[in-house]
Amino acid sequence: MVTAKEVPADKLIEKLAERLKKMQKIEIPAWAIYMKTGVYNELPPSNEDWWYTRVASLLRKISIAEEPLGIGTLKTIYGGKKRNGTRPPNFRRGSGSIIRKALQQLEQAGLVTTIPGKGRRLSPAGQGLIDEVSKEILKEIGS
């Protein structure tokens, strides 16, 4: 069985994003075209389908985690450096709203489950989807 750890992350996220877009259970919120992904960014993402990429990335992060991940942990993972002009850069956490809405959509799609008080964990359906996409990628790389 092929897992998410055995294939390149960029190819897995790209394929997962395509698959999630085809599922039609994940929808881009109306406010997402104006939203920055964190206070450390000047502009919103230039890619029109950035929402699917972020949701696929969250799904991958949750799948490779050994314990349930909460929103606070994911905000730290998706954080970055805020450039302050002549002052030294400081770390800022990512947008909690984006992560929260994406996880809610993944839950409604049945790919993620909530463990009260601990965070989110991959459901069997989500694990099956990631394993299936990983297997496809491994076949493409091998041939």
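**Salt bridges, core and hairpin in a predicted model**

The side chains of Lys21 and Asp49 form a salt bridge, with an N to O distance of 2.6 Å. This contact joins distant parts of the chain, as Lys21 belongs to helix α1 and Asp49 to the loop between α1 and α2, 28 residues away. Both partners are partly exposed: Lys21 has a relative accessible area of 40%, and Asp49 has 28%. The structure is a predicted model.

A search of the whole structure gives five salt bridges. One of them pairs Lys15 with Glu140, whose closest N and O atoms are 2.7 Å apart. Lys15 is in helix α1 and Glu140 is in helix α5 (residues 124-142), so this salt bridge ties together parts separated by 125 residues in sequence. Lys15 is partly exposed at 22% relative accessible area. That value lies between the 20% limit for buried and the 50% limit for exposed. Glu140 is also partly exposed, at 46%.

Helices α1 and α5 are linked again through Arg19 and Glu132. The closest N and O atoms of this salt bridge are 2.9 Å apart. Glu132 sits in helix α5 and Arg19 in helix α1, 113 residues apart, so distant parts of the chain are again linked. Glu132 is partly exposed, with a relative accessible area of 41%. The pair does not stand alone: Arg19, Glu132 and Glu136 make up a network of salt bridges.The largest nonpolar core contains 35 residues. Leu16, Ile26, Trp51, Leu59 and Leu106 are the members that touch the most others. Helices α1, α2, α4 (96-108) and α5 each give two or more residues to this core. Helix α2 supplies the largest share, with eight residues. In soluble globular proteins, nonpolar side chains tend to be buried together. Leu106 shows which residues surround one of these core members. Beyond its neighbours within four places in sequence, Leu106 is in contact with Ile26, Val55, Leu59, Leu111 and Val112. Two of these contacts, Ile26 and Leu59, are themselves among the core residues that touch the most other members.

Met35 is located in the loop between α1 (9-23) and α2 (50-64). Its relative accessibility is 23%, so Met35 counts as partly exposed. With neighbours within four places in sequence set aside, Met35 is in contact with Pro44, Pro45, Trp50, Ser95, Ser97 and Ile98. Ser95 is 60 residues from Met35 in sequence. In space, the C-alpha atoms of Met35 and Ser95 are 9.3 Å apart.

The strands form a hairpin. Strand β1 (residues 80-84) pairs with strand β2 (residues 87-92) in the antiparallel sense, over four bridges. Asn84 has Arg87, in β2, as its bridge partner. Two residues lie between the strands of this hairpin. Gly85 adopts a positive phi near 70° there. In a regular strand, side chains alternate between the two faces of the sheet.

How values were computed:
Residues numbered from 1 in each chain as written. Predicted model: local features only at pLDDT ≥ 70, side-chain atom pairs only at ≥ 80, totals over all residues. Heavy atoms only, no water. Pairing = 2+ DSSP bridges. Buried < 20%, exposed > 50% of the residue type's maximum accessible area, 1.4 Å probe, protein only. Contact = heavy atoms within 4.5 Å. Salt bridge = Lys/Arg side-chain N within 4 Å of Asp/Glu carboxyl O. Core = buried A, V, L, I, M, F, W, Y, C linked by side-chain atoms within 4.5 Å.
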